[in-house]
Every structure is written in C-alpha cells, then in structure tokens.
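Here are a few short exercises to work through with the model open beside you. Try each one before reading its solution.

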Amino acid sequence: MSQPTENTVPTVTLNNGVEIPQLGFGVFQIPPAETQRVVEDALEAGYRHIDTAAAYRNEAGVGAALAASGIRREELFITTKLRNGEQGEASDAFNRSRDALGLDYLDLYLIHWPVPSQGLFTGAWKEMEKFYADKSIRAIGVSNFLSDHLDTLLAASEIVPAVNQIEIHPTFQQQDLAANNRSLGIAVEAYSPLGQGADLTAAPVEALAGKYGATPAQVVLAWHLAQGTIVIPKSSDSTRMRENLAAVSLTLTPAEVDEVSALESGGRIGADPAVAAFTQM
Ligand code: NDP
C-alpha cells in the first residue's frame, strides 16, 4: 500500500464549517521526555492532526515538535483537552495549554470527561464559548459525554459541540451514542480506535488483512473511516505510525464493514463516563 501524504487524508467538515483531518495521531501515554521525538516522527510520516490533553502532561513536547517542524500553522490541526480537576478554572487552564503548546490558537478544545458528580461542565463550556467567540479556538467539543450529559449541556448552551471524542473500536462501538451524536450534528471521534491493540487479532480483521495485503491495524482504521468516524491511533513506533496513516488507502465494502462490526462485545477499556470522577485526568 502506498504511503499517503497529508494531502490524501480525507477531512470531516464540523458543524461550524471547520475541516478536521479524519485520521490524526494520539499521544496518550507517550512519556513527556519522548513526546517531541515521537511527534516529530509523526509529522515526518505525514500526520497533521495531533490529539493531546493537559492530563497527558506532554503538551510541551507536542509544542516543541510543532515548532521544530517548520510546518505552517494553517496546515496543522491541534486538539487538547480540559483536565477534570480544572473544570472550575477553565479559562486559566485553556491559557496554560495554549502556552505549553506554544500556539496562538487551538483548532479543537474538548472537555475531557463530564464528571457529572462535579456539576461543573456547563460552566466550563461557557468559558470555552468565550474563547471560541474571540477565535482563540476554532472549534469546541466534548469527550466521554453520554447522551444525558449532552442533553444537559445543550439545554444550558449557545453552541452545539463540534465533536464528541468517545471510546470506539470493533469490540466496543457505542453505536446508539454515535448515532445520537450525529443526529445532533456532533462529529464522532474514536479514541482507542485499535482497542489499544487488543482488537487486532480478531479473526475477521486478520482475514481482511490477508485478503488486501494490509495489516490488521489498517483494516480496523479503514473500518472506522468507512463509517465517517474521526480516528486518532497512537503509536510510538515510526513504522507502525506510517502503516496506520496508510489506512486511508484501504476501502472496505459495506459487507466487510459489517463483518468487523459483528465483533461488538460490549467490552469497554476505559472508565465509564457515567461514574468516572477522577480529577487527575
Ligand atoms: P489505540 O487504540 O490507538 O492503540 C494504541 C496501542 O496500539 C499502542 O499500544 C500501540 O503500540 C499499538 N499499536 C498502534 N499501532 C499499531 C499497529 N499498527 N500494529 C500493532 N499495534 C499497534 O489506543 P489509545 O488508547 O492510545 O488511543 C488513541 C488516542 O486516543 C490516544 O493517544 C489519545 O489521544 C486518545 N484517547 C482519548 C481518551 C479520552 O478520554 N478522550 C482516552 C484514551 C485515548 P506502539 O505504540 O508500540 O505502536
């Protein structure tokens, strides 16, 4: 499969007209000391969309890589997220993230988790709406929001989130939540899109990889892309990063998408957003 350039990654148009590259690069669990090197490798491979978070403690490494790359700002799409423990100080938290990344503006800023027990996310959203209004952020969104959290947010807000970033991979698809997001005009972004590697050995995935001369990761990523989902796989390995990016060249048939979808087993990897209340994230 040929190596794509950044120009061949399709974009998804968000509900405010902003275009997001459909395949980006996630940096969760990349140690701060390694982040600059890993993100430089990702940019070199052709990624232009990077997904970080204040909670990952590696925004500065992402920023160092962006600065060192010399890539024009308008070619990049940079996402970071508001830490749970900072929902009551969203303005200061946003400014800290922007400074750590060394950017004038963010492309996408997300509330990382709803933490409904805190009762703070609508207040945080109002602060984010101000940064959106003054063009410090091109699009604002949420992550780990279930439908009732979205209902609460929408009832109290002016702006409909552009994105909901949620756990989605073949064995855990959240199809009802994804459909509800789409019906509200909220783009669906899959985190842990490879099931953190665990979904790569499933028989239908391996069979399709064999059929197409692709890798299992490419099959799983092509399955997401075929459904219009935004994906942000993580890899610290430059060969696997390139392999993952090349998934944009693989098109599955609707029947093949269904074969992978049949792997649904309800197995969540991350925390349940209904009850997750950790403040360190
Ligand atoms: P992924 O599903 O992206 O899987 C990453 C794992 O798969 C790593 O162990 C990686 O190992 C391995 N891997 C990557 N590519 C391949 C490949 N081609 N073949 C075999 N193994 C591979 O999991 P993540 O949880 O990292 O999710 C991706 C991103 O989503 C995060 O980095 C983060 O940006 C975001 N995220 C957001 C959350 C939220 O709450 N909003 C929660 C979790 C993630 P190796 O590095 O050695 O290649």
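**Exercise 1.** How do the residues of the shell around the ligand divide into nonpolar, polar and charged?

*Solution.* Keep in mind that this is a predicted model. Sorting the shell by residue class gives 11 nonpolar, 12 polar and 5 charged residues. Next, look at distance: of the 28 residues around the ligand, those that come nearest are Asp51, Leu194, Lys234, Ser235 and Arg240. Finally, look at secondary structure: helix α9 (residues 238-245) supplies the largest share of the shell, 3 residues.

**Exercise 2.** Find polar contacts of the ligand with Gln165, Pro193 and Gly195, then work out how much of the ligand is covered.

*Solution.* Start with the side chain: Gln165 places a polar side-chain atom 2.9 Å from a ligand nitrogen. Then turn to the backbone. A polar backbone atom of Pro193 is 3.2 Å from an oxygen atom of the ligand, and a backbone N or O atom of Gly195 lies 3.5 Å from a ligand oxygen. Now for the cover: the ligand taken alone exposes 900 Å², and the protein buries 85% of that. As for its location, the ligand sits in the largest pocket.

**Exercise 3.** Is Gln174 buried or exposed?

*Solution.* First locate the residue: Gln174 is in the loop between β8 (163-167) and α6 (175-183). Then apply the cut-off: buried means under 20% relative accessible area. Gln174 has a relative accessibility of 15%, so it counts as buried. To finish, follow its side chain: the side chain of Gln174 reaches the backbone oxygen of Glu167 at 2.9 Å.

Terms used
Residues numbered from 1 in each chain as written. Predicted model: local features only at pLDDT ≥ 70, side-chain atom pairs only at ≥ 80, totals over all residues. Heavy atoms only, no water. Near = heavy atom within 4 Å. Polar contact = N/O pair within 3.5 Å; in protein donor to acceptor, adjacent residues only side chain to side chain. Areas by Shrake-Rupley, 256 points an atom, 1.4 Å probe, with all protein chains shown as cover. 1 Å grid on protein atoms, 1.4 Å probe; cavity = no way out; pocket = protein on both sides within 12 Å on 5 of 7 lines; lining within 4 Å. Sits in = over half its atoms within 2 Å of the grid points. Helix = DSSP H or I, 4+ residues; strand = E, 2+ residues; numbered from the N terminus. Nonpolar A, V, L, I, M, F, W, Y, C, P; charged D, E, K, R; others polar. Buried < 20%, exposed > 50% of the residue type's maximum accessible area, 1.4 Å probe, protein only.
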